[in-house]
Every structure is written in C-alpha cells, then in structure tokens.
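Got the viewer open? Here is a walk through the model, one selection at a time.

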Amino acid sequence: MSQDSTDGRFSGLPGRPGKIVAIHVAYASRADQRGRRPDRPSYFFKPSSSVAPSGGTVERPAGTELLAFEGEIALVIGTAARRVPLDRAWDHVAWVTAANDLGLYDLRANDKGSNVRSKGGDGFTPVGPGLLDARVVDPGALRVRAWVNGEIRQDDTTAGLLFPLPQLVADLSQHLTLEPGDVILTGTPAGSSVVVPGDVVEIEVDAPDAPGTPTSGRLVTTVVQGEQAFDGSLGSLPAVDDVQRAEAWGSRAAAGLGPTGLSPELREKLERAPVAALSAQLRRRGLDEVTIDGVRPMHPGAKLVGTARTLRFVPGREDLFARHGSGYNAQKRAFDAVGEGEVIVIEARGEDGSGTLGDILALRAHARGAAGIVTDGGVRDHAAVAAVGIPVYSAGAHPAVLGRKHVPWDVDVAVACGGTTVEPGDVLVGDGDGVVVIPPALVEEVVDAALAQEEEDGWIAEQVAAGHAVDGLFPMDARWRARYDAWRATR
C-alpha cells in the first residue's frame, strides 16, 4: 500500500487522485439562479492537495469574507477512459461519494475562470466519508443535500442536471485520459452560499429510490478562521465587489444588497432630470460622444433609467449563424440574465433590416424587472412589444428574423450602439429627446448639476414670461445672478 493511500486526507477515496476535474455550472437550478445557462459543459482543475476527509476543518484565510460551500456528487473513476462512447461511459465509474467544492470568491476575479487560487486551497475539497458502488445506483436518480449548522440549504437530484453524469465522463474522455482514482466533481445545485468561522457544513449523497437507500454518509467540515494573510508583494490580494458578493451568497438579496445599479435616491433624481440637461452637463465635462443616435422611443412619454447590460451582434453570415445563432445563444442568455433596474443595450451596427428582439424577449426582460431595452437595430412584433409596456428605443419596426442580418455573438462586453460606446454598468437615461450614456463615476455630479440648471432655467423662463428681455438674463449677468441667488435663498 502506498503512503498516499494511508494519508488521512484521502480516507474518503481509494487513494490520492491523479487529477480532480470540476464542472463550472451543471444544474438547472444553479444556472437559473445565476441568470445564465451554458449550452455545453466547461471545466476546471483542482489540485489533489486540496482534498480533505470528513470531520476536518477548512480555514477562511485572514483578510477574506466570501468562503462559499458547494455540495456536489463526486465520481471516482475505476477503469481508464479514453474516447469512450456515451452508452459505455458509466462503466468506467467505480464509486460515487459526497464532496464539498469550497471556493474563496475574494480570489476569483483574477483567475479568470481557472479557479486555481479561489478553489485550490488546502482543505477546499472535502470528500467522503463513504463510497457508493456505481454498479448499484442509477446515475439519473442520485440526490445531493447540504446542511449548514443543521439547516438544509441544498436539496436536488441528478434529474435536475443540464448534462447527465455519463455525458461528463464521455466528454472529458474525448480530451484526456481519465485514470483510475481520478475524481470528477459534477457541479452544485442552487443554495450554495457563504459560510463563516464556526459554521458546520454537512454534505450527503444518496440514491433514495435504490434498495436500502445507499448513502455516502454525511461529509462534515467545520469552518475556522485562518491567521495567515496573503502577501501582496507575491501576487494578487483578495478583493471583492458587489458582483462577487451576490454570486457567493447566491443572490443580491441574500448578500444584503439592493437591486443592481442605482440607489432609489439617485434613480429618483435621474427620473426628474431631462436628457437634454444631462447631455449639456456631460458636454461641459468634455464628453460629447455620449448620445445613442438613430433610436426612437416606442413610448415617448415613458422615462428610461437604468444600468447597462450589453449584447453584441456581428454581421450575418450563414455558417456563423449555424454555430452561434441556434440553441441557448447570446441573445437568449442576455434576456435571461438581465437584472432588476438594468437596461439591455444591443449593438446591431445601425442595421435595421431585421428584428433584434420580439415580444417574447420583451416579456422576458419585463418579467426580470429590466428598466428597458435600447437597440440600434429593428424590432419585430412591434405592436406586441409596445403592449408589453417596457421602455424600448429602437431604429424602428422590421418583420424579418434575427438571422437575416445578425449573428448573436457576445454578452457583457463593451458595445457600440447608435455610434456610442456603452460599457456594462454605464448609466442610461432616455426620454422623448433620446438616450444619453453617463459614466458611473460622474452620474451623481452630472445629475445634481442638471437639476440645478433646470431650476435656474425655470426661473429665467418665468422672468422672460413676465416681459424681461433675454439680454443679460440668458445667460445671467452679475445683476441677474444676484437676483437669482436672493430668490433661491428664500426657498
């Protein structure tokens, strides 16, 4: 027996795994919670040094706040698998057990999806305690549950997977040889959230419909506070923002955050500020290219206020549309992911020779609480979209489907809409005059200045209406300025 097989860290496995492969998103409930469904599985590696046994502890490193648990089903490979067909893939799985795919969201952003540091820490992969014989369980009828301090947090079955367990084995075997002892972590359902020092996490995998209800037993891990901080001179330090907090906790509400983007107070100010006044204030600050040109409001009396969620189309090409236009494409992902108070901004290159959305997607955005939609392309089902009631700005109506002119390509990237660059998170305000884009760092300053200017212009209009000449009044000279300041002091 090798030293690794007697190492207590690997007591929940046959021995030290050669590799641990984990899937990013696999359950429909988790995908819907995140607002995005992948159409194909994607993976990352975890080091075997991250494995820990049941009954152990895991440190939340000093200076961090977002350690999250993820209850998962772990597959243990029994016989080597290389380019195995789907119908024989499960034959290569020897055991099934419970795993906790712990992750530190404070370190996630800088790893760009590789999860090397955020998921690779010592103790970040508890596994066990028992192994279920894969021959006696149905891979489509397994259950995973998680408890925190005795309270159930996750409860789902493999019937809720986007990608069946045998598919993961077959898919991975196309690219690399799965060797005996390798572990596949098969994703977590909705309910994963943040844990803090003192919390006790329990994970169990069982087969509730199988004779005797085979079970892994409960995998128990206690969270403790680490004393060692990260050294910034060596690499990236932990950093969090509200996006990471919402993802770690499972939702903005669970993280104690309000709706995305704008505070109620700021939103109220923007709703009162005319787009023309905002545009003038941006121009005074050197920003001229901030209006989305060539779009008209579907509801001229409605005000549009929100933060940008972007969608990019590229010019239509039949082979590209065949690969990117069908299934759960970028267009559908954008409308499924838009959040409360956000505006979907579509780059269609000013090409209005087809629709870029229709009534179904408008309904989806409305149901998600979106603040509006801005596209420099066309809208199909124009009357039906108008009936939805969500503010929409577009280049006009067109009956043709998307594929006539466009390929849905990417989401949440900088886009060019109506000749203006829009980044995710930019603030958009629209009224009958059009739509203006405000950099988030300037929005408070710009809206306060715009409202102050509106008040001043209103007073000037009253003076003109009373018969005063505009000379010296518009703009105000020192004499009129003094009179205005005296009036304002009385308010």
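## Starting at an unusual backbone spot

Select Thr213 first: it sits in the loop between S14 and S15. Keep in mind as you go that this is a predicted model. Thr213 is not a glycine, yet its phi is positive, about 45°. Is it buried or exposed, or something in between? With a relative accessibility of 34%, Thr213 counts as partly exposed, because the partly exposed class runs between 20% and 50%.

Now jump to Arg83, in the loop between S6 and H3. Here phi is near 55°, again a positive value in a residue other than glycine. Arg83 counts as exposed, at 58% relative accessibility.

## Two cis prolines

While you are looking at backbone geometry, pick Gly128 and Pro129. The peptide bond from Gly128 to Pro129 is cis, with omega near 0°. Pro129 belongs to the loop between strand S9 (125-126) and strand S10 (132-133).

Then go to Phe474 and Pro475, where the peptide bond is also cis, with omega near 0°. Pro475 is in the loop between H13 and helix H14 (478-489).

## Zoom out

Show the whole protein chain as a cartoon. You should be able to count 14 helices and 26 strands. Along the principal axes, the C-alpha atoms fill a box of roughly 100 × 55 × 40 Å. Colour by accessibility, and 50% of the 491 residues count as buried. If you like contact maps, take the contacts between residues at least 6 apart in sequence: 76% of them join residues at least 24 apart.

## Helix H5 and what surrounds it

Select residues 165-175, which is helix H5. Eight of its 11 residues are buried, so H5 is largely enclosed by the rest of the structure. The buried ones to highlight are Leu165, Pro166, Leu168, Val169, Ala170, Asp171, Leu172 and Ser173.

What do these buried residues pack against? Bring up the strands S1 (20-23), S2 (43-46), S6 (71-77), S7 (93-100) and S13 (183-185), plus helix H3 (86-89).

## The largest nonpolar core

Stay in this region and show side chains. As background, nonpolar side chains in soluble globular proteins tend to be buried together. The largest nonpolar core here has 45 residues, and Leu67, Ile73, Leu75, Trp90 and Val96 touch the most other members. At least two residues of this core come from each of S1, S6, S7, strand S11 (143-148), H5, strand S14 (200-206) and strand S15 (219-225). H5 gives the most, with five residues.

Centre on Trp90 and draw its contacts. Not counting residues up to four places away in sequence, Trp90 touches Leu75, Val96, Ala134, Arg135, Val137, Pro139, Leu165 and Pro166. Leu165 and Pro166 are among the buried residues of H5 you highlighted earlier.

Apart from this core lies another one, of 23 residues, including Phe313, Ala330, Ile346 and Val388.

## Around Ala348

Next, select Ala348, in the loop between strand S19 (342-347) and helix H11 (359-367). Ala348 has a relative accessible area of 0%, so it is buried. Beyond its neighbours within four places in sequence, Ala348 is in contact with Phe313, Thr356, Thr375, Asp376, Gly377 and His406. Phe313 is one of the residues of the 23-residue core. Try the distance tool on the C-alpha atoms of Ala348 and Ala416: they are 68 residues apart along the chain and separated by 8.1 Å.

## Where H8 meets H13

Select helix H8 (residues 275-284) together with helix H13 (residues 443-465). Their axes come within 9 Å and cross at roughly 120°. H8 and H13 are therefore oblique to each other, and H8 passes H13 in a right-handed crossing. On the H8 side, the contact is made by Ala277, Leu278, Gln281, Leu282 and Arg284, and on the H13 side by Val446, Val447, Ala449, Ala450, Gln453 and Glu454. Colour them by type: seven are nonpolar, two polar and two charged.

## Last stop: Ala255

Finish at Ala255, in the loop between helix H6 (242-249) and helix H7 (264-272). Leaving aside neighbours within four places in sequence, Ala255 is in contact with Arg245, Ala246 and Trp249. For one more distance, pick the C-alpha atoms of Ala255 and Ser42: they are 213 residues apart along the chain, with a separation of 27 Å.

Note on methods:
Residues numbered from 1 in each chain as written. Predicted model: local features only at pLDDT ≥ 70, side-chain atom pairs only at ≥ 80, totals over all residues. Heavy atoms only, no water. Buried < 20%, exposed > 50% of the residue type's maximum accessible area, 1.4 Å probe, protein only. Helix = DSSP H or I, 4+ residues; strand = E, 2+ residues; numbered from the N terminus. Contact = heavy atoms within 4.5 Å. Core = buried A, V, L, I, M, F, W, Y, C linked by side-chain atoms within 4.5 Å. Axes fitted to C-alpha atoms, helices over the stretch in contact; angles between N-to-C directions. Parallel < 35°, antiparallel > 145°, perpendicular 65-115°, else oblique. Left-handed = near helix turned anticlockwise from the far one by under 90°. Nonpolar A, V, L, I, M, F, W, Y, C, P; charged D, E, K, R; others polar.
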